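Here's a quick briefing to read alongside the model. Keep the viewer open and follow along topic by topic.

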Amino acid sequence: MAQTDAIDLRSDTVTRPTEAMRQAIASAEVGDDVLGDDPTVIALERAAAARIGKDAALYVPSGTMANLVALLTHCGRGDEAIVGSEAHILHHEAAGAPALGGISLRTVPNDARGRITPGDVRAALRPPGAPRTALVCLENTQNRCGGAAIPEREMRAVADVAHGAGAAVHVDGARIFNAAVALETDAATLVASADTVSFCFSKALGAPVGSVLTGPREFIDRARVIRRQVGGGMRQAGVIAAAALYALEHHVDRLADDHANARRLAAGIAGAPHVRLDAASVETNMVFFDVEGIDGPDFRARLATAGVLCSGMGPQRMRMVTHLDVSAAQIDTAVERIRAVLTAAPPASASR
Ligand SMILES: Cc1ncc(COP(=O)(O)O)c(C=O)c1O
């Protein structure tokens with residue numbers, strides 16, 4: 001049984017709305033958004049589009065739906081979309097685009113820092129005929145590659161290859177503001193070479209629900225119809241959009257605190273027994289490390305009992321994510337608890 005004061009580092013999706021955000025929710029003006037009548041959703045979509053430097057935006061319930069609607073809008077049945085081998089779209093979205101859109105996902109390798117190379121993308125492009133390479137997808141930050149932030153020039157190099165071959169570029173920017181803050185740029189500059197970008201309010205920005213798909217006006221008009229087809233039309237969605245708007249206006253700059261806390265966490269556990277962690281790999285709000293000589297699932301269970309929750313990315317691979325609801329003082333407490341569990345952990349053979 002986990003302690004009641006457990007420090008939850010499983011994901012930045014675990015945050016609760018702040019008091020100010022709850023006030024925004026309580027006072028939200030609403031209407032029927034499927035009829036285009038919800039003023040708060042309209043305000044959110046305008047603000048999101050402006051912030052990311054695209055013409056228009058579409059509010060959707062989740063990051064998965066934002067990516068799905070993007071792929072269904074960019075690609076027809078039988079088309080191919082190139083994705084990184086570690087892409088969230090490939091691993092964690094229940095194969096929505098192949099299942100619902102008849103879209104093939106073709107992979108190119110992500111390196112340890114999440115990069116895909118223009119050369120690999122060029123080699124994966126289909127010559128004229130069928131299937132057609134309709135889309136190249138990038139992800140920033142790259143979740144499964146340590147939350148790495150991909151610089152603008154590297155995104156542009158891949159986008160240039162895609163555009164040169166007549167393919168569009170979509171960025172899964174679930175945590176694009178983490179990337180922008182880490183790279184000390186603004187999000188619109190970072191994604192300027194992409195045609196469409198999705199990002200999430202319900203992750204590092206701390207809102208309870210929702211993501212957005214942004215892009216050219218005509219694209220978003222078509223995407224709106226597809227959102228309806230997949231059941232993503234919402235009625236008085238201003239109630240949740242108000243929290244998302246609050247998050248966009250108040251929770252972007254503070255992401256630097258989460259990044260500092262992630263570095264603090266990494267520095268605190270880097271030299272601990274059984275831990276293999278490259279502290280220099282921590283670029284945003286995620287800390288990945290491997291445990292050696294002890295049993296990974298057993299370590300996580302013991303850690304939960306000691307009051308720190310983390311997620312497993314493989315039997316021995318751990319991920320901890322900092323967020324709005326963990327302070328620097330809680331990180332210090334987490335480090336103490338993690339070190340104590342590691343020191344007391346039985347050797348791998350003894351815990352089976
Ligand atoms: C990079 C990335 N893209 C998309 C998603 C999907 O978001 P959601 O859980 O809101 O569907 C996630 C979720 O963690 C993510 O990390």
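What follows covers the domains, one helix pair and the ligand shell.

Bear in mind that this is a predicted model. The domain assignment splits the protein into domain 1 (19–250) and domain 2 (254–346). Helix 3 turns up twice below: it crosses helix 10, and helix 3 also gives the largest share of the shell around the ligand.

**Domains**
- Taken over C-alpha atoms, the centres of domain 1 and domain 2 sit 29 Å apart.
- Where the two meet, 13 residues of domain 1 are in contact with 12 residues of domain 2.
- On the domain 1 side, those residues come out as 7 nonpolar, 5 polar and 1 charged.

**Helix 3 against helix 10**
- Helix 3 spans residues 63–74 and helix 10 spans residues 217–229; their axes come within 9 Å and cross at roughly 115 degrees.
- The crossing is right-handed.
- Helix 3 brings Val69, Leu72 and Thr73 to the contact, while helix 10 brings Phe219, Arg222, Ala223, Ile226 and Arg227.
- Sorted by class, that makes 5 nonpolar, 1 polar and 2 charged residues.

**Around the ligand**
- Start with Ser62, Gly63, Thr64 and Asn67, which are among the residues around the ligand.
- The rest of the list runs His88, Glu139, Asn143, Asp172, Ala174, Cys200, Ser202 and Ser211.
- Helix 3 supplies 3 residues of this shell, the largest share.
- By class, the shell divides into 8 polar, 2 nonpolar and 2 charged residues.

Methods: Residues numbered from 1 in each chain as written. Predicted model: local features only at pLDDT ≥ 70, side-chain atom pairs only at ≥ 80, totals over all residues. Axes fitted to C-alpha atoms, helices over the stretch in contact; angles between N-to-C directions. Helix = DSSP H or I, 4+ residues; strand = E, 2+ residues; numbered from the N terminus. Left-handed = near helix turned anticlockwise from the far one by under 90°. Contact = placed C-beta atoms within 7 Å. Nonpolar A, V, L, I, M, F, W, Y, C, P; charged D, E, K, R; others polar. Domains from an automatic or database assignment. Near = placed C-beta within 6 Å.
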